[in-house]
Amino acid sequence: MIEITDLHKSYKTGASSLHVLKGINFSVKEGELVSIMGSSGSGKSTLLNILGMLDEADSGSYTLDNFPIKNLNEKVAAKYRNKFLGFIFQSFNLINYKSALDNVALPLYYQGVARKERMEKSFSYLEKVGLADWAHHLPNELSGGQKQRVAIARALASEPKVLLADEPTGALDTKTSYEVMDLIQGINDEGKTILIVTHEDDIAHMTKRIVNLKDGLIIDDSIVKQVRAKAHV
Ligand code: ADP
Ligand code: MG
């Protein structure tokens with residue numbers, strides 16, 4: 001599903017340059033649940049943003065579902081992003097003046113899905129994350145965990161091939177984090193390919209494979225025995 005080779009990325013600010021990714025090689029197969037671990041500043045978000053086509057590497061190759069991701073114009077990139085990728089963020093990134101249902105429906109609106117189908121589909125994804133009763137509430141009427149569930153429903157609504165989550169539990173307390181991880185594990189059990197960036201060891205162990213990033217390089221990449229989040233909720 002994902003294949004990257006010798007990926008490099010530097011940030012240039014004025015005269016100085018910060019080499020953040022120093023030759024990353026890895027691949028992810030369909031159906032995997034992978035965490036990218038590392039301390040703050042190790043380059044996790046940079047890597048995830050490149051995988052999410054929100055940023056571009058300086059060199060190296062990236063193929064997503066066999067499509068080479070290189071020198072795409074913004075229109076093509078947006079189309080690929082819409083078709084292949086769903087995003088989940090630490091800060092939820094919901095639109096505050098839209099209901100939970102309308103937040104979930106927004107990507108479908110951009111895909112040109114007709115209103116009736118859009119609303120039915122969005123509602124069914126809200127049901128899936130356990131929020132059917134909250135469809136017409138605004139984000140500020142929801143708890144952090146509920147907001148992240150809305151964000152997950154929104155990410156799923158466009159039926160992406162891969163879910164990319166940057167510190168999805170970073171703003172949540174431990175119990176709520178595990179509830180969200182339980183949901184993510186369930187979505188992966190159904191076959192979805194999911195990548196999670198986290199700096200938390202317990203969260204990483206709820207995935208099936210931990211890729212350890214340090215100073216811009218992968219220092220370890222191991223299959224782990226998955227800890228089920230449900231047991232800790
Ligand atoms: P992580 O997500 O692991 O905390 P990041 O990928 O966000 O790490 O950042 C890696 C390094 O790159 C950090 O030192 C950070 O300050 C720097 N960095 C991130 N984004 C930018 C940017 N847009 N411009 C300049 N430096 C950046
Ligand atoms: Mg980060």
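Biologist: What makes N212 count as partly exposed?

Modeller: N212 has 16 C-beta neighbours inside 10 Å. A residue needs 20 or more to be buried, and 12 or fewer to be exposed. The value of 16 fits neither limit, so N212 counts as partly exposed. Please keep in mind that this is a predicted model.

Biologist: Where is N212 found, and which residues does it touch?

Modeller: N212 sits in strand 9. If we skip residues up to four places away in sequence, N212 touches M37, G38, I218, I219 and D220. A contact here requires C-beta atoms within 7 Å. T174 is another matter: 38 residues separate it from N212 in sequence, and the C-alpha atoms of the two are 22 Å apart in space.

Biologist: Let us compare that with M53. Why is M53 called buried or exposed?

Modeller: M53 has 20 C-beta neighbours inside 10 Å. The cut-off for buried is 20 or more, so M53 counts as buried.

Biologist: Where is the place of M53, and what is it in contact with?

Modeller: M53 belongs to the loop between helix 1 and strand 4 (59-64). Leaving out neighbours within four places in sequence, M53 is in contact with I69, A77, Y80, R81 and L85. E30 lies 23 residues from M53 along the chain, and 18 Å separate their C-alpha atoms.

Biologist: Back to strand 9. How do you know that it pairs with strand 3?

Modeller: Two strands pair if at least two bridges are found between them. Strand 3 (residues 33-37) and strand 9 (residues 209-214) are joined by four bridges, so they pass that test. They run parallel. Two of the partnerships are easy to look up: V34 has R209 as its bridge partner, and I36 has V211.

Biologist: And what joins strand 9 to strand 10?

Modeller: Six bridges do, and here the strands run antiparallel. Strand 10 covers residues 217-223. One of the pairs is L213 with I218. Strands 9 and 10 form a hairpin with two residues between them. In the turn, D215 has a positive phi of about 45 degrees.

Biologist: What is the order of the strands in the open sheet?

Modeller: The six strands follow the order 6-7-8-3-9-10, with mixed pairing.

Biologist: Why do strand 6 and strand 10 stand at the edges?

Modeller: Each of them has a single partner strand, so one side of strand 6 and one side of strand 10 have no neighbour in the sheet. On average, neighbouring strands of this sheet are turned by 15 degrees against each other, direction ignored. Helix 1 (residues 44-51) packs on the sheet and touches strands 3, 7, 8 and 9. The direction of helix 1 makes about 155 degrees with that of strand 8.

Biologist: What surrounds ligand 1?

Modeller: The surrounding residues include Y11, T13, G41, K44, S45 and T46. Strand 1 (2-13), strand 2 (16-28) and helix 1 each supply at least two residues of this shell. Helix 1 gives the most, with three residues.

Biologist: Now the helices. Why can you say that helix 5 is largely enclosed by the rest of the structure?

Modeller: Of the 14 residues of helix 5, 12 are buried, so the description fits. Among them are Q146, V150, I152 and L156. The buried residues pack against strand 6 (85-89), helix 3 (100-110), helix 4 (115-128), strand 7 (162-166) and helix 6 (174-189). After helix 5 comes E159, with a positive phi near 50 degrees.

Biologist: How do you know that the length of helix 6 agrees with what is expected?

Modeller: Helix 6 has 16 residues, and at 1.5 Å a residue they should span 22 Å. Its end C-alpha atoms are 22 Å apart, so the two values agree. Buried residues of helix 6 include Y178, V180, M181 and L183. The buried residues pack against strand 3, helix 5, strand 8 (193-198) and helix 7 (201-204). Helix 6 is followed by G191, whose phi is positive, near 115 degrees.

Biologist: What does the UniProt annotation cover?

Modeller: The unreviewed UniProt entry annotates residues 2-233 as "domain: ABC transporter". In this model, that span is 34% helix and 29% strand, and its end C-alpha atoms lie 32 Å apart.

How values were computed
Residues numbered from 1 in each chain as written. Chains lettered and ligands numbered in written order. Predicted model: local features only at pLDDT ≥ 70, side-chain atom pairs only at ≥ 80, totals over all residues. UniProt positions renumbered as here; feature names shortened; annotations may be inferred. Contact = placed C-beta atoms within 7 Å. Expected span 1.5 Å × (residues − 1). Axes fitted to C-alpha atoms, helices over the stretch in contact; angles between N-to-C directions. Near = placed C-beta within 6 Å.
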